[in-house]
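Work through the exercises below with the sequence and the model side by side. Try each task before reading its solution.

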Amino acid sequence: MADDDIEFEIEDEEGDVIGLDDEEMKENQGGEDEEMMEGDENLVENTYYTAKGEVDENLEEALELFQTVLDLEVEKGQWGFKSLKQMVKTLFKAGKLDQMVNRYKELLTYMSIVSRNESEKAINKVLTMVSSSTDKDMLDKIYSMTLDVLKQANNDKLWFNTKLKQGQLFTQTREWDKLNQCISELKQSCMLEDGVTLDEKKKSQLLDIYVLEIQMYSDQNQLKELAQLYQKCIGIISGGAVVLNPRITGIIRECGGKMYMREKKWDLAFNDFFEAFKSYDEAGNPRRIDCLKYLVLASMLSESTINPFDANEAKPYKGHPDIVAMTDLVAHYQQANIKEFEKVLKNNKKAILEDTFMKEYIEDLLKTIRIRVLAKIMKPYTRIKMTFLGKELSIKPEEVESLVIDMILDQKLDGYIDQVNQMITLSSKGAELTRYKALSQWTVKLNDVHQAILQKVN
């Protein structure tokens, strides 16, 4: 090879090649920069996966390596985003909630860097994860930070869903002023641009808001507002224009059941509790057990002869610890066995008497079964002492008299009370009372005819 075919490159003190023109130098430098950037990218990626592998083995080491990824990033990008997601998840599992909140705040700054789909997915995962926590202050911070970011990003759908979660939190903490403000903001988001007219396309979201209000008014025992909200919800549901979430339907129907119970409309209450139970069951919500108890309660108060556990939907729960007591109550109720009925109430305070809603109707329930027992005891008699009935029911004669009066007024008993002798006299199969009513009506009509004749004569 000739000497003139050989090229020598001589570098100066800075490492640049002497004799190359500017273009050649730029090409060389660009290639080196690309190699360096590729090397840095590989280092960041390898560090991330090394950290991920250490999460279960060495938590502190994993967190340090994830931080290294953040430090190596020249500009915010995918690896920093992924690292922060892992840090939030890891810190939450470790119970380091303050650190987790700080890292989540940092994660939210990446939402404008990654795609909308990635950011939504990350936020939803975090919100789902933290929802299991009982730390209400931490949850409020998470929701507030998220809402601010979503507002700036004009992500209305995710903002609405997050605001609902915050509203649910205020329901649990019973912060009614905050909840009212939250509901007001949610309702405003369902309006058209004029701020007054409801957007017909957002009826489903409006139903979610009504459910928050229902829970608030139920806790505050504001019956008038509850009744109005219930009718609004039923109006939307019956319209068929929305896809119903079974949990939402369950809450609405449970509200209706409780509303009808307070109005002593037992049959209507039973129907709504049954619908609530089915909806909660479909959603896998534990409220199904409470609603099953309530529908059994409504069934007994309505004096139904049908066993609610004969329904296919209820059969699988007959053996549930909280339901066994209710099945026993139903059995003793149908047998009119007052002593065993009261024993079940006494021995199952947690499942029955410690339920604040159930407790409201225990007196009504006792009255119902006592009337049932009275009717059974008195059936073969024409006269019977109130003292005897009192002993059978373990109540005072005065209470027996009150029950008998109710039975006569409700036309469940044909007879009258002899207060002097403390006796109850029963009509034979109702014949005497029926004849008495017929004679009374005949007398009234004769009197009307008599008065009409007198007016004509005069």
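**Exercise 1. List the buried residues of H6, then find what they pack against.**

Solution. The buried residues of H6 are Met138, Leu139, Asp140, Ile142, Tyr143, Met145, Thr146, Leu147 and Leu150. Buried means under 20% relative accessible area, exposed over 50%, and partly exposed in between (1.4 Å probe, protein chains only). Helices (H or I, at least four residues) and strands (E, at least two) are DSSP runs, numbered from the N terminus.

Before going on, note what kind of model this is: it is predicted, local features need pLDDT of at least 70, side-chain atom pairs count only at pLDDT 80 or more, and totals for chains, interfaces and linings use all residues. Residues are numbered from 1 along each chain as its sequence is written, and side-chain values use heavy atoms, with hydrogens and water left out.

Now the partners. These buried residues pack against H3, helix H4 (97-108), helix H5 (116-130), helix H7 (156-173) and helix H8 (176-188). Contact means heavy atoms within 4.5 Å.

**Exercise 2. Check the span of H6 and inspect its two ends.**

Solution. Start with the length. H6 covers residues 136-152, which is 17 residues. The expected span of a helix is 1.5 Å times one less than its number of residues. That gives 24 Å for H6, and the model reaches 25 Å from first C-alpha to last, close to the expected value.

Next, the start. A side-chain oxygen of Asp135 comes within 3.3 Å of the backbone nitrogen of Asp137. A polar contact is a pair of N or O atoms within 3.5 Å; within protein, one must be able to donate a hydrogen and the other to accept it, and residues adjacent in sequence count only if both atoms are side-chain atoms.

Then, what follows. Asn154 comes after H6 and has a positive phi, near 60 degrees.

**Exercise 3. Describe the setting of Ser83.**

Solution. Place Ser83 first: it lies in helix H3 (residues 78-93). Its relative accessible area is 0%, so Ser83 is buried. Leaving out residues up to four places away in sequence, Ser83 touches Tyr48, Phe66 and Val69. A polar atom of the Ser83 side chain lies 2.8 Å from the backbone oxygen of Trp79.

Trp79 has a further partner. The charged end of Lys82 sits over the Trp79 ring, 4.6 Å from its centre. A charge sits over a ring if NZ of Lys or CZ of Arg is within 6 Å of the ring centre and within 35 degrees of the ring normal. Elsewhere, Lys151 lies over the face of Trp159, at 4.6 Å from the ring centre.

**Exercise 4. Which residues of H12 are buried, and what covers them?**

Solution. Check the helix first. H12 (residues 266-283) has 18 residues and should span 26 Å at 1.5 Å a residue; its end C-alpha atoms are 25 Å apart, which agrees. Its buried residues are Trp266, Ala269, Asp272, Phe273, Phe274, Ala276, Phe277, Ser279 and Tyr280. Their cover includes helix H10 (223-239), helix H11 (246-262) and helix H13 (287-301). It also includes helix H17 (356-360) and helix H18 (362-378). Just after H12, Gly284 takes a positive phi of about 70 degrees.

**Exercise 5. Classify the ring pair of Phe273 and Phe357.**

Solution. A pair of aromatic rings is described by the distance of the centres and the angle of the planes. Rings of Phe, Tyr and Trp (its six-membered ring) pair if their centres lie within 6.5 Å; planes under 30 degrees apart count as stacked, over 60 as edge-to-face and the rest as tilted.

Begin with burial. Phe273 is buried, with a relative accessible area of 0%. Phe357 is buried too, at 4%. The ring centres of Phe273 and Phe357 are 6.1 Å apart and the planes stand at 75 degrees, so the pair is edge-to-face. This pair links distant parts of the chain: Phe273 is in helix H12 and Phe357 in helix H17, 84 residues apart. Both belong to one aromatic cluster with Trp266, Tyr294 and Tyr361.

**Exercise 6. Is Gln419 buried or exposed?**

Solution. Gln419 has 52% relative accessibility, so it counts as exposed. Gln419 sits in the loop between strand S4 (415-418) and strand S5 (423-426). Its side chain joins that of Glu401 in a polar contact of 2.5 Å.
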